[in-house]
Amino acid sequence: QEAYENTKYNLVSIFKTLNYNIENINDQYGEILVTFKKGEIICTLYSESYNVTGVDFKIMTTYFIPFGRTIKLLNSIYESLNKKLSLKAIGGRNIE
């Protein structure tokens with residue numbers, strides 16, 4: 001539970017730094033709904049063990065021509081999160 005709360009706190013602080021709106025935090029389902037000018041992000045947090053919490057992102061945008069903005073957004077979120085927490089794996093691949 002401590003790892004979950006720490007991860008949630010760090011995600012919320014990252015989104016506030018990016019000036020995104022935190023619309024809802026649902027601890028029952030482990031979801032955070034974030035909106036921004038051209039879309040929204042649903043973050044799902046799940047506990048893998050006592051000290052390991054996983055994070056999944058679902059990003060929906062309304063850009064007419066995206067030019068890879070969604071991937072850039074996701075990479076910037078991961079980079080910010082990696083500075084605050086230790087990254088174990090991305091997409092099922094372990095980080096060495």
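Let me start at one residue, Ile22, which is partly exposed, with a relative accessible area of 27%. Ile22 belongs to strand 1. Its C-alpha atom is separated by 7.4 Å from that of Val12, and the two residues are 10 apart along the chain. Before going on, please note that this is a predicted model.

Now the chain as a whole. How many helices and strands does it have? The secondary structure comes to 2 helices and 6 strands. Reading from the N terminus, the order of elements is α-β-β-β-β-α-β-β. The radius of gyration is 13 Å, close to the 12 Å that the globule rule gives for 96 residues, so the chain is as compact as a globular protein of that length. The C-alpha trace spans about 40 × 30 × 20 Å along its principal axes. Of the 96 residues in the chain, 30% are buried.

Next, the salt bridges. In general, side chains of opposite charge can pair when their charged atoms come close. Searching the whole structure gives 2 salt bridges. In one of them, the side chains of Glu5 and Lys8 meet, at 3.4 Å from N to O. Both of these residues sit in helix 1, and they are 3 residues apart, about one turn of the helix. Is Lys8 buried or exposed? Lys8 counts as buried, because its relative accessibility is 13%, and the cut-off for buried is under 20%. Glu5, at 33% relative accessibility, counts as partly exposed.

Lys8 also forms a salt bridge with Asp27, where the closest N and O atoms are 3.0 Å apart. Asp27 lies in the loop between strand 1 and strand 2, while Lys8 is in helix 1, so this pair ties together parts that are 19 residues apart in sequence. Through shared partners, the salt bridges join Glu5, Lys8 and Asp27 into one network. As for its accessibility, Asp27 counts as partly exposed, at 42%.

From there I move to the loop between helix 1, residues 2-17, and strand 1, residues 21-26, which is where Asn19 is found. What is notable about the backbone here is phi: in Asn19 phi is near 60°, a positive value in a residue other than glycine. Why does Asn19 count as exposed? Its relative accessibility is 67%, and exposed means over 50%. Asn19 and Thr35 are 16 residues apart in sequence, and from C-alpha to C-alpha they are 9.6 Å apart in space.

Two surface patches come next. Which residues gather in the patch of positive charge? They are Lys37, Lys38, Arg69 and Lys72, on the surface. One of them, Lys37, has its place in the loop between strand 2, residues 31-36, and strand 3, residues 39-49. Lys37 counts as exposed, with a relative accessibility of 82%.

The other patch is nonpolar. Phe64, Ile65 and Phe67 form this patch on the surface, and together they have about 420 Å² of accessible area. Ile65 sits in the loop between strand 4, residues 52-61, and helix 2, residues 69-84. With a relative accessible area of 44%, Ile65 is partly exposed.

The last residue on my list is another isoleucine, Ile42, which is found in strand 3. Ile42 is partly exposed, and its relative accessible area is 24%. How are Ile42 and Ile32 placed, along the chain and in space? They are 10 residues apart along the chain, and their C-alpha atoms are separated by 5.7 Å.

To go back over the main points: the predicted model has 2 helices and 6 strands. One network of salt bridges joins Glu5, Lys8 and Asp27. On the surface there is a patch of positive charge that includes Lys37, and a nonpolar patch that includes Ile65. That is the end of my part.

Notes:
Residues numbered from 1 in each chain as written. Predicted model: local features only at pLDDT ≥ 70, side-chain atom pairs only at ≥ 80, totals over all residues. Heavy atoms only, no water. Helix = DSSP H or I, 4+ residues; strand = E, 2+ residues; numbered from the N terminus. Buried < 20%, exposed > 50% of the residue type's maximum accessible area, 1.4 Å probe, protein only. Patch = residues over 30% accessible without salt bridge, like charges linked within 9 Å, V, L, I, M, F, W, Y side chains within 5 Å. Areas by Shrake-Rupley, 256 points an atom, 1.4 Å probe, with all protein chains shown as cover. Salt bridge = Lys/Arg side-chain N within 4 Å of Asp/Glu carboxyl O. Lys, Arg positive; Asp, Glu negative; His and termini not counted. Charge placed at Lys NZ, Arg CZ, Asp CG, Glu CD. Rg over C-alpha atoms; globule rule 2.2 N^0.38 Å.
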